[in-house]
Amino acid sequence: MKILETNLKKGIVKLIPESLDDLWHLYNIIYPNDEVYMQTTREIKQTVEYSRPQKPKRISVFLGIKVQKVSWDKTLNRLRVHGTICHAPEELVGLGSHHTLNIYVNKPLTIVKSKWQKHHLERLKKASKAVMPAIILMAIDDEGFCIATLRQFGLDVKAEKSAMLPSKRQAGRREEALKALYKNALNALNEVWKEEKNKIVILGVGFVKKGFVEYVKDKAPEILKSIIDVKSVNNSGLAGIKEALRSGILNKALEHVRIVEETGAVEEILERIGKNQPVAYGLEEIKLACKYGAIEKLLITDIKLREATDEERLELENLMKEVEEKNGKIIIVSAEHEAGEKLASLGGIAATLRFRIQ
């Protein structure tokens, strides 16, 4: 994220999103009643006196809208911000009419809020420092392979294929089948890798993953250079990738990817619940824990903040502010991945506590 200008007295932040992850951050920062300004296009009706009406003409214009709704379109790689026009050239566009701004990567915009919350500014700061692109995770074993791209908004499964290898007693046939599996897996990996040439982590059960790396070394040395780690997991396919995220074995390779922190924090909450250690979940328990200064880490799903009413959001943001003032840490968890779903099942809000409260 490129931050062009920050004027918190006027509530203004000008920026340029530089990746899909940046669009995801903006999706969780832009709220109803905020104002967003950017260059866009709009159809203008052209009328000439004493002549037949002409077809509307689409022109480029700088507009500002008061936000009503934000939607994130992963398919078309854009953020759609819908609202009423609050700034426009008066001779071309009427104020108060509805318009949708399409925010794309590398397209500048300005966000205006009545007040910027600390967690919003920290999210922008982290995004502006993020230099590691998405990472490719590949799980491969004798049951097949799965390839997924890990971005800050979650997992994007790119390829998945099952296999049925002959038993080890049939050494010749098994070796031939393994080579066929490696060939198909490498072709699929290359299709994903060649788009952005991201770093790769290989996961798997048993020795197949190491055999695949040796095959890559022989057949595609340029891809081998992108493999940064090889790890063992107990599950096959997508389940193996999710296991790696939960267990923390990817922390070193993925230290710049937010989803790892979120998954670890949620797993800590669940572990504490299982061991009857100090923890709170649900808004009323959290408010009580905050009152006593007991909150160490507060986790909230992004969807709980995004879909809250103005009154509910104000209550949550005041709660977050109080937690921070008492030296607690705030973690906003994406509902787009498994950890977010687990937190949502606890009411969308939970916290680790410094001490037990009654």
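**Group meeting: pocket, sheet and cores**

Let's start with the pocket. The largest one has a volume of about 410 Å³. Keep in mind that this is a predicted model. Eighteen residues, written 18 on my slide, line that pocket. Pro32, Asp34, Ser114, Lys115 and Glu317 are the ones nearest its centre. Which helix gives the largest share of the lining? That is α10, residues 310-325, with 6 residues.

Now the sheet. It is open and has 7 strands. Read across, the order is β1-β2-β7-β3-β4-β5-β6, and the pairing is antiparallel. Which strands sit at the edges? β1, residues 2-7, and β6 do; each of them pairs on one side only. On average, neighbouring strands are turned by 40 degrees against each other, direction ignored.

Let's walk in from the β1 edge. β1 and β2 run antiparallel and are joined by 5 bridges. Lysine 2 has isoleucine 16 of β2 as its bridge partner. Glutamate 5 is bridged to lysine 14, again in β2. The hairpin of these two strands leaves 4 residues between them. Look at glycine 11 there: its phi is positive, near 75 degrees.

On to the next pair. β2 and β7 are also antiparallel, with 4 bridges between them. Here lysine 14 stands opposite threonine 110 of β7. So much for the pairing; is β2 mostly covered or mostly open? Mostly covered: 4 of its 5 residues are buried.

A helix comes next. α1 lies across β2, β4, β5, β6 and β7. Against β4, α1 runs at about 70 degrees.

That brings us to the largest nonpolar core. It holds 30 residues. The members that touch the most others are Leu15, Leu26, Ile30, Leu79, Val81, Ile103 and Leu109. Which elements give two or more residues to this core? From the sheet, they are β2 (12-16), β3 (35-44), β4 (57-73), β5 (78-87), β6 (98-103) and β7 (109-112). The helices α1 (20-27) and α2 (118-129) are on that list too. β4 gives the largest share, 6 residues.

Take isoleucine 103 as a close-up. Leaving out residues up to four places away in sequence, isoleucine 103 touches Pro17, Leu23, Leu26, Ile30 and Met38. Asn77, Arg78, Leu79, Val81 and Leu109 are also among its contacts.

Last item. There is a second, separate core, of 26 residues. Its members include Met138, Phe145, Val192 and Val216.

Conventions. Residues are numbered from 1 along each chain as its sequence is written. This is a predicted model: local features need pLDDT of at least 70, side-chain atom pairs count only at pLDDT 80 or more; totals for chains, interfaces and linings use all residues. Side-chain values use heavy atoms; hydrogens and water are left out. A nonpolar core is a set of buried Ala, Val, Leu, Ile, Met, Phe, Trp, Tyr and Cys residues joined through side-chain atoms within 4.5 Å. Buried means under 20% relative accessible area, exposed over 50%, partly exposed in between (1.4 Å probe, protein chains only). Contact means heavy atoms within 4.5 Å. Two strands pair if DSSP finds at least two bridges between them. Axes are lines fitted to C-alpha atoms, for helices over the stretch in contact, and angles run from 0 to 180 degrees between N-to-C directions. On a 1 Å grid over the protein atoms alone, a cavity is a set of points where a 1.4 Å probe fits but cannot get out, and a pocket is an open set with protein on both sides within 12 Å along at least five of seven lines; lining residues have an atom within 4 Å of a point. Grid points are joined across faces, edges and corners, and a volume is the space filled by probe spheres set on the points.
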